[in-house]
Amino acid sequence: MCCVLRRLQSKLPQISFEILAECKHTRARTGILHTPHGDIETPVFMPVGTQATVKGLTQRDLAEDLGVQILLANTYHLYLRPGHELIRKHGGLHRFMSWPNAILTDSGGFQVFSLSEIRKIREDGVVFQSHLDGSTHKFTPESTVDIQLAYGSDVLMVLDECPEYPVSHEYAREAMHRTVRWARAANDHFLCRIAEMETRHALFPIVQGSMFSDLRRECATALLDLDTDGYAIGGLSVGEPRPLSLEMVEATEDILPRPKPRYAMGVGMPAELPEYVARGIDMMDCVLPTRNARTGSLFTSEGRVIIKHARYKDDEGPLDPKCTCYTCVSYSRAYLRHLFQSGEILYSVLATRHNIQRYLDIMREIRHAIKSDSFPEYLRSVRSASDEAE
Ligand SMILES: [Zn+2]
């Protein structure tokens, strides 16, 4: 029965992707990702709400003032606290955190491999100790699908193994093959589960293979069989040199199906965003704009501002004269510096709001450039500005 339903269900796209314009000279494209919680203009940057909150901002700030259409939440953290059953009981993540738009959740693989000191990889999953209280848990490809369905995520990720960098080719191959086997198991389980559900969800498998192009290509080719609604590229931003991350994305660009959305996980710096887009990426997420905001590093249209610097002590000008966010139209650099130096909560609120706005502005510029056939010029101007800044 399950398999019959599965075949029927698998014919219906859970989310759909519409490409509106493509750059003639690069692999960039702009489009719309249609989800049950609204349409998302791509290429999109997704702010990270690890604990079902983007630190320092309310959901109203994000949805209404900043126009965020999709947020990322973290499977591992929310599983450990408050727990997926509690979130399910409260009507899923959208209702629990009062978020009207789309939610993407990662599979937790990355956190298991980066946060948990003790972990044991087995063929059927990974056993790990909570970084909070040391208790023992197990993630399997199937259980992480169940957890993310309990959250009610619009886009789910498969459990993957994200090896540290650097790693031997031999180990990277072993981990990549395991990731492919886990992706198949997760997808089979997902198709059975959603066949019984009225809500719509999409599951993305993750391309791994460390920094080896041949493994990345082998992985992407193997994942094609799953015919999922989109594909993610993981294992980036794990300490490798930046040009290598771009090379790894490039390695699978011609393998991943062009009509499906591609998501580069955990990237990047402002100047890197158009670089990923130029390599066919539609979705990105990163903690940089929010984390850096809190530590005093602000991204502006004129480059980076380290707000604690004495030069801003008496600076009456706005943080970014070209930015229209609430922080920039209302407050001076001197005031922001004062709040930062005093350790005031308001500093984080204002700084985060600006940094998120800056990332969203960059994505708007990128989409506009692709639509108006000027993306290569835009990319060149970003490159020369970042060369000057170095
Ligand atoms: Zn601003």
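Glu22 stands opposite Arg29 in β2. I start there since that pair leads into the sheet I want to describe. Before going on, a reminder that this is a predicted model.

The strands concerned are β1 and β2, the latter covering residues 29–35; they run antiparallel and are joined by six bridges. Together with β3 they make an open sheet of three strands, in the order β1-β2-β3, with antiparallel pairing. Strands β1, residues 16–22, and β3, residues 38–42, are at the edges with a single partner strand each, so one side of each has no neighbour in the sheet. On average, neighbouring strands here are turned by 15° against each other, direction ignored.

Which helix lies across this sheet? That is α15, which crosses β1, β2 and β3 and runs at about 120° to β2. Please keep α15 in mind, as the zinc site comes back to it.

One more residue from this part of the chain is Cys23. Its relative accessible area is 8%, and the cut-off for buried is under 20%, so Cys23 counts as buried. For those who look for cysteine pairs: the structure holds zero disulfides.

Now the metal. What coordinates the zinc ion? The donors are the SG atoms of Cys323, Cys325 and Cys328, plus ND1 of His354, at 2.1 to 2.3 Å. The angles among these four donor atoms are 97 to 120°, and the site is tetrahedral. For reference, the ideal angle for four tetrahedral donors is 109.5 degrees. Along the chain, the spacing of the donors reads C-x1-C-x2-C-x25-H. Cys323 sits in the loop between β18, residues 303–306, and α13, residues 326–330, whereas His354 belongs to helix α15, residues 345–371; the pair therefore ties together parts that are 31 residues apart in sequence. Cys323 and His354 are both buried. Cys328 is buried as well, because its relative accessibility is 6% and the limit is 20%.

Staying in this region, helix α14 spans residues 333–341, and its buried residues are Arg333, Ala334, Leu336, Arg337 and Leu339. Two arginines are on that list, Arg333 and Arg337. What covers these buried residues? The cover includes β18, α13 and α15. After α14 comes Gly343, with a positive phi near 65°.

From β18 I take one residue, Ile306. Is Ile306 buried or partly exposed? With a relative accessibility of 28%, Ile306 counts as partly exposed, because that class runs from 20% to 50%. Leaving aside neighbours within four places in sequence, Ile306 is in contact with Gly296, Ser297 and Tyr312. As a distance across the model, Ile306 and Arg60 are 28 Å apart from C-alpha to C-alpha, with their positions 246 residues apart in sequence.

Next, another open sheet. Here the three strands come in the order β8-β9-β10, and the pairing is antiparallel. The edge strands, β8 and β10, each pair on one side only. From one strand to the next, the twist averages 15°.

Going through this sheet strand by strand, β8, residues 119–122, is joined to β9 by four bridges. A hairpin is formed by β8 and β9, with two residues between them. Within this pairing, Arg119 has Phe128 of β9 as its bridge partner. On the other side, β9 pairs with β10, residues 136–139, also over four bridges and in the antiparallel sense. Phe128 turns up again here, with His137 in β10 as its bridge partner. A further pair is Gln129, which stands opposite Thr136 in β10.

The hairpin of β9 and β10 has six residues between the strands, and in it Gly134 takes a positive phi near 80°. How much of β9 is covered? Mostly: of the five residues in β9, residues 125–129, four are buried. Helix α8, residues 169–195, lies across β8 and β9 and runs at about 70° to β8.

The last item is Thr75, in helix α3, which covers residues 75–80. Thr75 has 0% relative accessibility and so counts as buried. Beyond its neighbours within four places in sequence, Thr75 is in contact with Thr105, Asp106, Ser107, Gly108, Ile147, Gln148 and Tyr151.

That is what I have; questions are welcome.

Methods: Residues are numbered from 1 along each chain as its sequence is written. This is a predicted model: local features need pLDDT of at least 70, side-chain atom pairs count only at pLDDT 80 or more; totals for chains, interfaces and linings use all residues. Side-chain values use heavy atoms; hydrogens and water are left out. Buried means under 20% relative accessible area, exposed over 50%, partly exposed in between (1.4 Å probe, protein chains only). Two strands pair if DSSP finds at least two bridges between them. Contact means heavy atoms within 4.5 Å. Donors are N, O and S atoms within 2.8 Å of the metal (3.2 Å for Na, K and Ca); water is not among the atoms, so sites may look incomplete. Four donors count as tetrahedral if all angles lie between 85 and 135 degrees; four count as square planar and six as octahedral if opposite donors are over 155 degrees apart and all others between 65 and 115; anything else is irregular. Axes are lines fitted to C-alpha atoms, for helices over the stretch in contact, and angles run from 0 to 180 degrees between N-to-C directions. A disulfide is a pair of cysteine sulfur atoms within 2.5 Å.
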